[in-house]
Amino acid sequence: MSDVNKTVQKWHASFKKGTDFDSWGQLVEAIDEYQILARQLQKEVQSTNSSDFTEEQKKNLGKIATCLEMRSASLQCTQSKEEFKLEDLKKLELIIKNILTYNKEFPFDVQPVPLRKILAPGEEENLELEAEDDAAAGAGSTETFPPRAPGTLLPRLPSEPGMTLLTLRIEKIGLKDAGQCIDPYMSISVKDVNGVDLNPMQDTPVATMKEDTYIHFSVDIEIQRHVEKLPKGAAIFFEFKHYKPKKRFTSTKCFAFMEMDEIKPGPIVIELYKKPTDFKRKKLQLLTKKPLYLHLHQTLHKDS
């Protein structure tokens, strides 16, 4: 079997896995599967040195990626009425399975969004590090970009006798160019002393309120492990990300972290560090000498 056929088979299996999770009500798993597949398809569409697919086929792959993102957004945004239904998404299974021979019109009036590239953790460190001040690049731009899907926040874990759960409210972040950040959001992860993930990463929805040197989030993060089960030396990381129109990808601007001895009820203010994110906390460089911080509020839930 040719490599291209293997790739298509892999995509089809991933699509099927996502729609299965979706129909079983395993929404977190479905969203993960949809977003991973959307990213893979977009990567293929963006690839300039790939001759495996025709321009028309790439266009269809880009449109499938859009539909995956739309379904993903529908699952995450419970307040709105479902914008993109599972039965609609299932209509695309034949197209992705037979992408090399499909020659009919795409069933939905959507546009591919190959221009927006969201990088996986660590990927952007291989790219040229941007200049500190180029966040202003998009300030006067008239280009419009598709909105990023809402966040991937997870619900609170069930309580256990004698165990403590932590809710972190991200209040706001202080940045000198706060008003120029496009589609700002936070990725929250819990790492052990070696930088290994202890929990799934969570993304906040895009922040909408900017005021002076602050971006306001006012969003709760449920840490996905009981405090007592966090190993010694673990830390909770907050990566501030924003979209860069010039480079057409979502980039980490700075990060902050909280160590285990800082877990206590009430407000906490933590320092911001320069990227790339150093999950091992070995070479930390403050982002700025100005008094700008990440403002959090902690709530501990103990089932006695």
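## A walk through the model: charges, cores and rings

Start by selecting Lys91 and Asp88: their side chains form a salt bridge, with the closest N and O atoms 3.4 Å apart. This is a predicted model, so take the distances on this tour as computed from its coordinates. Colour Asp88 by accessibility and you'll find a buried residue, at 18% relative accessible area.

**More salt bridges**

How many salt bridges does a search of the whole structure find? It turns up ten. Side chains of opposite charge can pair when their charged atoms come close.

Next, pick Glu160 and Lys229, whose side chains also meet in a salt bridge, at 3.4 Å from N to O. Glu160 sits in the loop between E1 and strand E2 (164-174), while Lys229 is in the loop between strand E6 (214-222) and strand E7 (235-244), so this pair ties together parts that are 69 residues apart in sequence. Glu160 is partly exposed, with a relative accessible area of 31%, and Lys229 is partly exposed too, at 38%.

Now jump to Glu33 and Lys17. Here the closest N and O atoms of the salt bridge are 3.9 Å apart. Glu33 belongs to helix H2 and Lys17 to helix H1 (residues 3-23), so the bridge joins parts 16 residues apart in sequence. Are the two partners buried or exposed? Glu33 is buried, with a relative accessible area of 14%, whereas Lys17 counts as partly exposed at 43%.

**Along helix H2**

Stay on that helix and select Ile31, which lies in H2 (residues 27-46). Ile31 is buried, at 8% relative accessible area. Show what's around it: leaving out residues up to four places away in sequence, Ile31 touches Ser72, Leu75, Gln76 and Thr152. Add Glu69 for a distance check: Ile31 and Glu69 are 38 residues apart in sequence, and their C-alpha atoms are 8.6 Å apart in space.

**Two nonpolar cores**

Which residues have the most contacts inside the largest nonpolar core? Select Ile170, Ile173, Leu175, Phe238 and Leu294; the core they belong to has 32 residues. To see where it comes from, highlight E2, strand E3 (182-191), E6, E7, E8, strand E9 (266-271) and strand E11 (293-302), the elements that give two or more residues to this core.

Ile170 is a good residue to centre on. Setting aside neighbours within four places in sequence, its contacts include Met186, Ile188, Phe217, Val219, Ile221, Phe238, Leu294 and Leu296. Also on the contact list of Ile170 are Thr204, Ser218 and His295.

There is a second, separate core of 29 residues. Ile31 from the helix stop turns up in this one, and other members include Leu61, Ala65 and Leu75.

**Rings against rings**

Switch to aromatics: the structure holds eight aromatic pairs. One of them is Phe84 with Phe108, an edge-to-face pair at 5.3 Å centre to centre, with 70° between the planes. This pair links distant parts of the chain: Phe84 is in the loop between helix H3 (55-76) and helix H4 (86-90), and Phe108 is in the loop between helix H5 (93-97) and strand E1 (117-118), 24 residues apart. Phe84 is buried at 4% relative accessible area, and Phe108 is buried at 17%.

Then try Phe255 and Tyr273, a tilted pair with 5.7 Å between centres and 35° between planes. Phe255 is in strand E8 (residues 249-259) and Tyr273 in strand E10 (residues 273-274), so the pair ties together parts 18 residues apart in sequence. Both rings belong to buried residues. Extend the selection to Phe237, Phe257 and Phe279 and, with Phe255 and Tyr273, you have one aromatic cluster.

**Charges over rings**

Keep Phe257 on screen and add Arg281, which lies over the face of Phe257 at 5.9 Å from the ring centre. For another view of this kind, select Lys172 and Tyr214: Lys172 lies over the face of Tyr214, 4.2 Å from the ring centre.

**Last stop: two cysteines**

How many disulfides does a search of the whole structure find? Zero. To see why for one candidate pair, select Cys181 and Cys254: the sulfur of Cys181 is 8.4 Å from the sulfur of Cys254, its closest cysteine sulfur, which is too far for a bond. Looking from Cys254, the closest cysteine sulfur is that of Cys181. Cys181 is buried, with a relative accessible area of 1%, and Cys254 is buried at 1% as well.

Conventions. Residues are numbered from 1 along each chain as its sequence is written. This is a predicted model: local features need pLDDT of at least 70, side-chain atom pairs count only at pLDDT 80 or more; totals for chains, interfaces and linings use all residues. Side-chain values use heavy atoms; hydrogens and water are left out. Helices (H or I, at least four residues) and strands (E, at least two) are DSSP runs, numbered from the N terminus. Buried means under 20% relative accessible area, exposed over 50%, partly exposed in between (1.4 Å probe, protein chains only). Contact means heavy atoms within 4.5 Å. Rings of Phe, Tyr and Trp (its six-membered ring) pair if their centres lie within 6.5 Å; planes under 30 degrees apart count as stacked, over 60 as edge-to-face and the rest as tilted. A charge sits over a ring if NZ of Lys or CZ of Arg is within 6 Å of the ring centre and within 35 degrees of the ring normal. A salt bridge is a side-chain nitrogen of Lys or Arg within 4 Å of a carboxyl oxygen of Asp or Glu. A disulfide is a pair of cysteine sulfur atoms within 2.5 Å. A nonpolar core is a set of buried Ala, Val, Leu, Ile, Met, Phe, Trp, Tyr and Cys residues joined through side-chain atoms within 4.5 Å.
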